[in-house]
Amino acid sequence: MIRKTFYILNNIYCAYKEYWLRATDFTGKTTLADWWSVQLVNFIISIIFAPIFFKIFDFNIYAIFCFLPQLSMNIRRLRDFGKNWKWIFINFVPVIGWIIWFIWIG
């Protein structure tokens, strides 16, 4: 059980490290597991540090730093799914666009 936990945590760590190392790489592939691992880590970091960021900067500076790496990872994931990168703009359609996005990506 402990070995499996370390294995999972190591995979999450490797996916998050690759997220930052490939921040400007819009080519290649991103696995579904890596995509969800990064979303989990970003969510946890945002929950923990958002109150601090909002007190200091009046906005979440972490979200600004994550914009480009998240964009490149989402475009790689869209290409893995067989869609053109322009489909990323479906996120601008409230609710319906988000539902379609998570069906495609997830």
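**Exercise 1. The residue after H2**

Task: Find the residue that follows H2 in this predicted model, and state the sign of its phi.

Solution: Start by walking off the end of H2, which covers residues 32–57. The residue that follows is Asp58. Next, look at its backbone: the phi of Asp58 is positive, near 65 degrees. For background, most residues other than glycine have a negative phi.

Now try a second case: where does Val95 lie, and what is its phi? Val95 sits in the loop between H3 and H4. Its phi is positive, about 60 degrees, although Val95 is not a glycine. Finally, check its surface: Val95 counts as partly exposed because its relative accessibility is 46%, a value between the cut-offs of 20% and 50%.

**Exercise 2. The course of H2**

Task: Compare the span of H2 with that of a straight helix of 26 residues, and find where H2 bends.

Solution: First take the reference value. At 1.5 Å a residue, a straight helix of 26 residues would span 38 Å. Then take the model: the end C-alpha atoms of H2 are only 33 Å apart. Now look along the helix for a bend. At Phe49, H2 bends by about 55 degrees. Last, scan the residues just after that point: a proline, Pro51, follows within four residues.

**Exercise 3. The buried side of H2**

Task: List the buried residues of H2 and say what covers them.

Solution: Begin with the list. Trp35, Ser37, Val38, Val41, Asn42, Ile45, Ala50 and Phe53 are the buried residues of H2. Their cover includes helix H1 (2–21), helix H3 (61–81) and helix H4 (96–105).

For contrast, turn to Leu40, which is also found in H2. Is Leu40 buried or partly exposed? Its relative accessibility is 41%, so Leu40 counts as partly exposed. As a distance check, the C-alpha atoms of Leu40 and Lys17 are 13 Å apart, with the two positions 23 residues apart along the chain.

**Exercise 4. The whole chain**

Task: Describe the chain by its secondary structure, its box and its burial.

Solution: Count the elements first: there are four helices and zero strands. Read from the N terminus on, they run α-α-α-α. Next comes the extent of the chain, whose C-alpha atoms fill a box of roughly 40 × 35 × 25 Å along the principal axes. Of the 106 residues, 32% count as buried. To finish, consider contacts between residues at least 6 apart in sequence: 60% of these join residues at least 24 apart.

**Exercise 5. A loop residue and its partners**

Task: Place Asp25 in the chain and find its contacts beyond its sequence neighbours.

Solution: Asp25 belongs to the loop between H1 and H2. At 26% relative accessibility, it is therefore partly exposed. Leaving aside neighbours within four places in sequence, Asp25 is in contact with Ser72 and Arg76. Compare the two kinds of distance for Ser72: Asp25 and Ser72 are 47 residues apart in sequence, yet 6.2 Å apart in space, C-alpha to C-alpha.

**Exercise 6. The cavity**

Task: Give the volume of the largest cavity and sort its lining.

Solution: The structure holds one cavity of 30 Å³ or more. The largest cavity has about 40 Å³ of space. Now list its lining: Ala15, Glu18, Tyr19, Thr30, Asp34, Val38, Met73 and Arg76. By class, that gives four nonpolar, one polar and three charged residues. Then assign the lining to helices. H1, H2 and H3 each supply at least two residues, and H1 gives the largest share, with three.

**Exercise 7. The pocket and Asn74**

Task: Characterise the largest pocket, then examine Asn74.

Solution: The largest pocket holds about 440 Å³ of space. Among its 18 lining residues, Gln39, Gln70, Asn74, Asn91 and Trp101 are the closest to its centre. The lining divides into eleven nonpolar, seven polar and no charged residues. H2, H3 and H4 each contribute at least two residues, while the largest share, seven residues, comes from H3.

Asn74 is itself found in H3. It counts as buried because its relative accessibility is 10%, under the 20% cut-off. Beyond its neighbours within four places in sequence, Asn74 is in contact with Trp35, Ile88 and Trp101.

Note on methods: Residues numbered from 1 in each chain as written. Predicted model: local features only at pLDDT ≥ 70, side-chain atom pairs only at ≥ 80, totals over all residues. Heavy atoms only, no water. Expected span 1.5 Å × (residues − 1). Bend = angle between axes of the 7 residues up to and from the residue. Buried < 20%, exposed > 50% of the residue type's maximum accessible area, 1.4 Å probe, protein only. Contact = heavy atoms within 4.5 Å. 1 Å grid on protein atoms, 1.4 Å probe; cavity = no way out; pocket = protein on both sides within 12 Å on 5 of 7 lines; lining within 4 Å. Points joined across faces, edges and corners; volume = space filled by probe spheres on them. Nonpolar A, V, L, I, M, F, W, Y, C, P; charged D, E, K, R; others polar.
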